[in-house]
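Colleague: I should like to learn how to read the features of a structure. May we go through one together, step by step?

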Amino acid sequence: MDLKKIIKEKKGTIVDVRTPMEFSGGNAEGSINIPLQELESRKKELKSLKQPLVLCCASGGRSGQATQYLTHYGIECYNGGSWLEVNFYQTQTV
């Protein structure tokens, strides 16, 4: 699946795994904030979201960790990298 297409066509849910303070400083349009340290306690909520999940953070490190963790639990997800990249893909024409 083409990550850029998933983002552009809103085929999934964008989940930002940064802290609430970081998220409030700027985020990808339409994204929801579920901090990395809350993934375990919010697995049920994450499973109920429209999949695939596109995970993002500041640089792609934390979203990479989140992708590995959630994939282990059978949640379809992709590492979208930086929220700025995800935001950029949303504005591009396919």
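Modeller: Let us begin with the charged side chains. Please keep in mind that this is a predicted model. One residue to consider is Glu45, which counts as partly exposed, with a relative accessibility of 34%.

Colleague: With which side chain does Glu45 meet in a salt bridge?

Modeller: Side chains of opposite charge can pair when their charged atoms come close. Here the partner of Glu45 is Arg42, with 2.9 Å from N to O. Arg42 also meets the side chain of Glu38 in a salt bridge, at 2.7 Å from N to O. Glu38 is partly exposed, its relative accessibility being 27%. Glu38, Arg42 and Glu45 are thus linked in a network of salt bridges.

Colleague: How many salt bridges does the count come to?

Modeller: The count comes to 5 salt bridges. Among them is the pair of Arg18 and Asp16, whose closest N and O atoms are 2.8 Å apart.

Colleague: Is Arg18 buried or exposed?

Modeller: A residue counts as buried when its relative accessible area is under 20%. Arg18 has a relative accessible area of 4%, so it is buried. Its partner Asp16 is likewise buried, at 0% relative accessibility.

Colleague: Where do the charges of the chain lie on average, and how far apart are their mean positions?

Modeller: The chain has 12 positive and 10 negative charges, and the mean positions of these two sets are 4 Å apart.

Colleague: I should now like to turn to the fold. How many helices and strands are there in the chain?

Modeller: The chain contains 5 helices and 4 strands. Their order along the sequence is α-β-α-β-α-β-α-β-α. The radius of gyration is 12 Å, close to the 12 Å that the globule rule gives for 94 residues, so the chain is as compact as a globular protein of that length. Along the principal axes, the C-alpha trace spans about 35 × 30 × 20 Å.

Colleague: What share of the contacts joins residues 24 or more positions apart?

Modeller: Among contacts with a separation of 6 or more, such residues account for 61%. As for burial, 43% of the 94 residues count as buried. The accessible surface of the chain comes to about 5,200 Å², and 52% of this belongs to carbon and sulfur atoms.

Colleague: Could we examine a single residue within a helix? Which residues does Leu70 touch?

Modeller: Leu70 is placed in helix H4, which covers residues 61-72. Setting aside residues up to four places away in sequence, Leu70 touches Leu46, Leu53, Leu55, Ile75 and Cys77. Of these, Leu53 is 17 residues away along the chain, and its C-alpha atom is 9.5 Å from that of Leu70. Leu70 is buried, with a relative accessible area of 0%.

Colleague: For a residue in a strand, let us take Asn79. Which residues is Asn79 in contact with?

Modeller: Asn79 belongs to strand S4, residues 77-82. Apart from neighbours within four places in sequence, Asn79 is in contact with Leu3, Leu55, Gly60, Ser63, Gly64 and Thr67. Leu55 is thus a residue that Asn79 contacts and that Leu70 touches.

Colleague: How is Asn79 placed with regard to accessibility, and what separates it from Arg18?

Modeller: Asn79 counts as partly exposed, at 31% relative accessibility. The C-alpha atoms of Asn79 and Arg18 are separated by 13 Å, while the two residues are 61 residues apart along the chain.

Conventions: Residues are numbered from 1 along each chain as its sequence is written. This is a predicted model: local features need pLDDT of at least 70, side-chain atom pairs count only at pLDDT 80 or more; totals for chains, interfaces and linings use all residues. Side-chain values use heavy atoms; hydrogens and water are left out. A salt bridge is a side-chain nitrogen of Lys or Arg within 4 Å of a carboxyl oxygen of Asp or Glu. Buried means under 20% relative accessible area, exposed over 50%, partly exposed in between (1.4 Å probe, protein chains only). Helices (H or I, at least four residues) and strands (E, at least two) are DSSP runs, numbered from the N terminus. The radius of gyration is taken over C-alpha atoms; the globule rule is 2.2 Å times the number of residues to the power 0.38. Contact means heavy atoms within 4.5 Å. Accessible areas come from the Shrake-Rupley method with a 1.4 Å probe; for residues, only the protein chains shown count as cover. Lys and Arg count as positive and Asp and Glu as negative; His and the chain ends are not counted. The place of a charge is taken as NZ of Lys, CZ of Arg, CG of Asp or CD of Glu.
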